[in-house]
Amino acid sequence: MGILRLAHVDVRTPDLDLSAAYYTEVMGLQQVQRTDDCVYLKCWDEEDHHSLRMRYNPRTGMDSFTFRVEEEDDLHELEKKVEAYGCPTSRVSRGEAVGQGESLRFEVPSGQIMELVWDIEKTGNMLGKHNPSPVPPPDLPGIAPPRMDHMLVNAEEVAESAAFFIDVLGMRMTEQVLDGNGHQLGVWLAGNTRSPHDIAIVNGPNGALHHWAYWLDDWDHIRKAADTLAFNGVQIDQGPTRHGVTRGNTIYFFDPLGIRNEVFTGGYWVDPDTEILTWTEDNFGKGLFYYENVISQRFLRMHT
Ligand SMILES: O=C/C=C/C=C(\O)C(=O)O
Ligand SMILES: [Fe+2]
C-alpha cells in the first residue's frame with residue numbers, strides 16, 4: 001500500500017535536439033517516443049514506457065516528478081490524505097499524458113509539482129521475457145545505465161517537507177542531517193523499495209530540482225562513466241567519490257543545459273524497521289562526500 005518508487009521526471013529544455021542527443025549518446029538512454037515538443041527516454045532495463053520526459057520550453061526547469069503507487073486504490077487514499085493536509089489536488093485523466101493512465105497531481109510544501117500514478121504503460125526492457133540475455137546489447141552508446149534510481153529536490157523548510165512525505169505520503173526516512181538546534185537540513189526517504197533513498201530533500205530554494213540519479217551496477221562502471229564524461233567534454237561537478245550518507249559511490253555532472261545528473265551505485269539495503277541514521281551539521285561534508293569532507297558552493301547553490 002502506498003508509494004512504491006520513482007517513475008519519471010519531467011523537465012523543460014530550450015534545445016530539445018541537443019538534450020535528446022546528450023541523453024541518448026552520452027547518457028546512453030533509449031529514445032522511445034518523440035512528439036512535436038517532447039522527447040521520451042528510458043534506460044535499457046526499465047519496464048515502464050519512459051523514465052524521463054523532456055519538453056521544449058524557452059526556460060530550463062522541472063515540470064513535475066512522478067512516483068508510482070502500489071495499488072490502484074492508493075491514488076484515492078492518498079488524494080484524501082493530501083487534501084486533508086491542505087494541498088489542493090487535481091486528476092489528470094487517462095489519455096492526457098503519454099505512457100500512463102489517470103494520475104493525481106499536487107504541489108508539495110516545497111513548491112515542486114508531484115504526481116502519483118498507478119496505471120503505467122509497460123513496454124518492457126531491452127532483454128525481453130523469453131530466454132532473456134542477462135546483459136544488454138554490447139554496442140549501446142554512452143554510459144547506458146540500467147535504470148533511474150532517485151532524485152533530490154530542495155526545500156526552504158526541510159522538516160515541513162519531510163513531514164509531508166513521511167506522515168501524509170507514508171514514505172520512510174532512512175537518514176537525516178541535523179543542525180546544532182536539531183533542525184533537519186536534509187532527509188533521505190524511501191518508498192516501498194530496499195533502497196536508502198528514492199527521493200532526498202536538502203535545504204535550498206523551494207521549487208528547485210538538485211539532480212536525479214541513474215543506477216550503475218558497480219564501482220567500475222562509475223569509473224567508466226567518468227571516462228565517458230571526460231571524453232565527451234561533459235562538465236563534472238563532483239567525483240568520482242563516495243557518499244557518507246547512503247554509502248553510495250557517485251559522480252555528479254551537468255547536462256548541456258545545466259541540469260545536474262548523478263550516477264550512483266552501492267549503498268546498503270533497508271528493511272521497514274531499519275533504524276534512521278543521523279548526521280550532525282559538522283559532519284555534513286563527510287556525509288555528502290566522504291573522502292573530500294567539503295561541499296563546494298557550486299554543489300550547494302546550483303539548481304534547476
Ligand atoms: O545536497 C545534496 C545531497 C546529495 C546527496 C545525494 O545525491 C545522494 O545521497 O544520492
Ligand atoms: Fe543523489
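Helices and strands here are DSSP runs, numbered from the N terminus; a helix has at least four residues and a strand at least two. The model is predicted.

**Exercise 1. Place Ile 259 and say whether it is buried or exposed.**

Step 1. Look at the strands on either side. Ile 259 sits in the loop between β15 (248-254) and β16.
Step 2. Apply the cut-off. Buried means under 20% relative accessible area. Ile 259 has 0%, so it counts as buried.
Step 3. Check a distant partner in sequence. Met 302 is 43 residues from Ile 259 in sequence, and the two C-alpha atoms are 9.0 Å apart in space.

**Exercise 2. Which residues coordinate the iron ion (ligand 2), and how are they spaced in sequence?**

Step 1. List the donors. They are His 150 through NE2, His 211 through NE2 and Glu 262 through OE. The coordination distances run from 2.0 to 2.2 Å.
Step 2. Write the spacing. The donor residues follow the pattern H-x60-H-x50-E.
Step 3. Map two donors to strands. His 211 belongs to strand β13 (residues 209-215), and Glu 262 to strand β16 (residues 260-266). The pair therefore ties together parts that are 51 residues apart in sequence.
Step 4. Check burial. His 211 and Glu 262 are both buried.

**Exercise 3. Describe the surroundings of ligand 1.**

Step 1. Collect the residues around it. They are His 150, Leu 152, Trp 188, His 197, Val 202, His 211, His 243, Thr 246, Tyr 252, Glu 262, Leu 288 and Phe 299. Among them are the iron donors His 150, His 211 and Glu 262.
Step 2. Find the polar distances for those three residues. His 150 has a polar side-chain atom 3.0 Å from an oxygen atom of ligand 1. For His 211, a polar side-chain atom lies 2.9 Å from a ligand 1 oxygen. For Glu 262, an N or O atom of the side chain is 3.3 Å from an oxygen atom of ligand 1.
Step 3. Ask how much is covered. On its own, ligand 1 has 310 Å² of accessible area, and the protein covers 99% of that.
Step 4. Name the space. Ligand 1 takes up the largest cavity.

**Exercise 4. Which residues of helix α1 are buried, and what follows the helix?**

Step 1. Take the helix, residues 16-26. Its buried residues are Leu 16, Ser 19, Ala 20, Tyr 22, Tyr 23, Thr 24 and Val 26.
Step 2. Move past the end. Gly 28, just after α1, has a positive phi of about 80°.

**Exercise 5. Find backbone features that depart from the usual pattern, and place them.**

Step 1. Recall the background. Most residues other than glycine have a negative phi, and most peptide bonds are trans.
Step 2. Take the peptide bond. From Gly 239 to Pro 240 it is cis, with omega near 5°. Pro 240 is part of strand β14 (residues 236-242).
Step 3. Take Asn 131. It is not a glycine, yet its phi is positive, at about 45°. Its loop runs between β8 (113-117) and β9 (147-155). Asn 131 has a relative accessible area of 77%, so it is exposed.
Step 4. Take Arg 247. Its phi is also positive, at about 65°, although it is not a glycine. Arg 247 lies in the loop between β14 and β15. With a relative accessible area of 47%, Arg 247 is partly exposed.

**Exercise 6. Sort His 50, Cys 87 and Arg 301 into buried or exposed, and give a C-alpha distance for each.**

Step 1. Start with His 50, in the loop between β3 (38-42) and β4 (52-56). Its relative accessibility is 5%, so His 50 counts as buried. His 50 and Ile 120 are 70 residues apart in sequence, with C-alpha atoms 9.3 Å apart.
Step 2. Go on to Cys 87, in the loop between α2 (74-85) and β6 (89-92). At 9% relative accessibility, Cys 87 is buried. Pro 137 is 50 residues from Cys 87 along the chain, and 45 Å separates their C-alpha atoms.
Step 3. Finish with Arg 301, in helix α6 (residues 297-301). Its 58% relative accessibility is over the 50% cut-off, so Arg 301 counts as exposed. Between Arg 301 and Thr 89 there are 30 Å, C-alpha to C-alpha, and they are 212 residues apart in sequence.

Methods:
Residues are numbered from 1 along each chain as its sequence is written. Chains are lettered from A and ligands numbered from 1 in the order in which they are written. Side-chain values use heavy atoms; hydrogens and water are left out. Donors are N, O and S atoms within 2.8 Å of the metal (3.2 Å for Na, K and Ca); water is not among the atoms, so sites may look incomplete. Buried means under 20% relative accessible area, exposed over 50%, partly exposed in between (1.4 Å probe, protein chains only). A residue is near a molecule or strand if one of its heavy atoms lies within 4 Å of it. A polar contact is a pair of N or O atoms within 3.5 Å; within protein, one must be able to donate a hydrogen and the other to accept it, and residues adjacent in sequence count only if both atoms are side-chain atoms. Accessible areas come from the Shrake-Rupley method with a 1.4 Å probe; for residues, only the protein chains shown count as cover. On a 1 Å grid over the protein atoms alone, a cavity is a set of points where a 1.4 Å probe fits but cannot get out, and a pocket is an open set with protein on both sides within 12 Å along at least five of seven lines; lining residues have an atom within 4 Å of a point. A molecule sits in a cavity or pocket if more than half of its atoms lie within 2 Å of its grid points.
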